[in-house]
Protein chains: 2
Amino acid sequence: MSSEKPDTRTRILDSAWKLLESGTGGEVRMSDIARAAGISRQALYLHFPKRAELLVATTLHVDAVKNVDARLAASRAATGGVERLDAFIEAWGNYIPEIYGVGRALMAMQETDAEARHAWESRMQAVREGCEAAVRALERDGVLSPDHPGERATDLLWTLLSVRNWEQLVRQCGWTQKDYVEAMKRTARQTLVRQA
Amino acid sequence: MSSEKPDTRTRILDSAWKLLESGTGGEVRMSDIARAAGISRQALYLHFPKRAELLVATTLHVDAVKNVDARLAASRAATGGVERLDAFIEAWGNYIPEIYGVGRALMAMQETDAEARHAWESRMQAVREGCEAAVRALERDGVLSPDHPGERATDLLWTLLSVRNWEQLVRQCGWTQKDYVEAMKRTARQTLVRQA
DNA sequence: TCCAAGCTTGACACCGTGTCAAGTTGACAT
DNA sequence: ATGTCAACTTGACACGGTGTCAAGCTTGGA
């Protein structure tokens, strides 16, 4: 990793990201990425022996560029349970479109490639933990709805905030990003927060 | 269609369905289906020239066997808006696991195959219409939440009841089917029905 | 001057889909 | 018996994408 010259590697990662983001419709092939990075297909395999590895590296690269960790962590600063829930949904919800292209490719590979599946799952783990933290904050404040015992509330929130749901509402139904975030906040509050 | 002997065709469809349902982990290949049906791979292509066609035919076959239309239609019998919402969620929610195997394969092909995408979308159209009908019933009763103008309520319900969400909650989080249906009913009521 | 890293080109194996040609089998009609 | 037709068989192959391998070229540093 650290022994490698950053130049070419970064160029590859940037190209891959750009191609995946623009979502040309068809799948993005290794040869496409190589061409975009200005190297041969075989040289690309010198850097990333497997397609899945390249995809994983690209997500990490995007994460770093987009300051994902920092943005998700910041949402934990809110003191009140409900405010924290809102802040988390806002942070993650607005992050989805920025990583969607890469995530989409990783999700598509999940079905076949074990490595890709593992990568995506561990990636989602961060989100899962964010959901968990938000639910715990609600619990601490005594405002968590009694409808969802155990981990159910976390499961539900996690599912509600899935990339697939964002995809459906924003890409297919044509919602704006703002609409999406507001609706998710409202829905989460209605289902997870004990009603007075 | 009608000119074809039903025997082999049905055997193929049954085999495909069974293989897809059992979800062996890996993808189900044409050769797997042919072997299961007791014919050669090439003969399978005689019946279904494209993989997507076979998948589409299999879904229709499953639909027919499972009486999908009848079950979804029955949910419209409920008079009250809220009861109809409940009935629809119950009908569709309990139908998901029965068609999941085939749907999964079709969803996986969506990314690459236009025919598969179209088939899946037109398939989901029936669900979408069910959601629409349920929302209209709420509207007629004057109990639809004012939070969701226009088609938003339908979009939200449709997304909530997506196969992916079922997959996540039941297959990944380990919810029981009953838990899932109850939670969806509750969530739908909390978000779509005007709170007193 | 030599070496090594990083790249190049070209060839190829593997796998799954889809196609094609030629031969086999069995039912039915004359 | 003979013909014929449909459904099926085997075997071979094209295509596209991933991943591998070998051999040669270029460039910078000791």
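Colleague: Which atom of DNA strand D is 2.9 Å from an N or O atom in the side chain of T8(B)?
Modeller: A phosphate oxygen. This is a predicted model, where local features need pLDDT of at least 70 and side-chain atom pairs pLDDT 80 or more, while totals for chains, interfaces and linings use all residues. Residues are numbered from 1 along each chain as its sequence is written, chains are lettered from A and ligands numbered from 1 in the order written, and side-chain values use heavy atoms, without hydrogens and water.

Colleague: What does H47(B) do there?
Modeller: One of its polar side-chain atoms lies 2.8 Å from a phosphate oxygen of strand D.

Colleague: Which element gives the most to the surface near strand D?
Modeller: α3(B), with 4 residues. Helices are DSSP runs of H or I with at least four residues, strands are E runs of at least two, and both are numbered from the N terminus. "Near" is a heavy atom within 4 Å.

Colleague: Switching to the protein contact, how many residues does each chain give?
Modeller: Chain A gives 28 residues and chain B gives 28, with contact meaning heavy atoms within 4.5 Å.

Colleague: What area do they bury?
Modeller: About 2,800 Å², 52% of it on carbon and sulfur atoms. That is the accessible area (1.4 Å probe) lost on putting the two parts together, summed over both.

Colleague: How many salt bridges are there between chain A and chain B?
Modeller: 2, counting a Lys or Arg side-chain nitrogen within 4 Å of an Asp or Glu carboxyl oxygen. R152(B) forms a salt bridge with D179(A), with the closest N and O atoms 2.6 Å apart.

Technical notes: A polar contact is a pair of N or O atoms within 3.5 Å; within protein, one must be able to donate a hydrogen and the other to accept it, and residues adjacent in sequence count only if both atoms are side-chain atoms.
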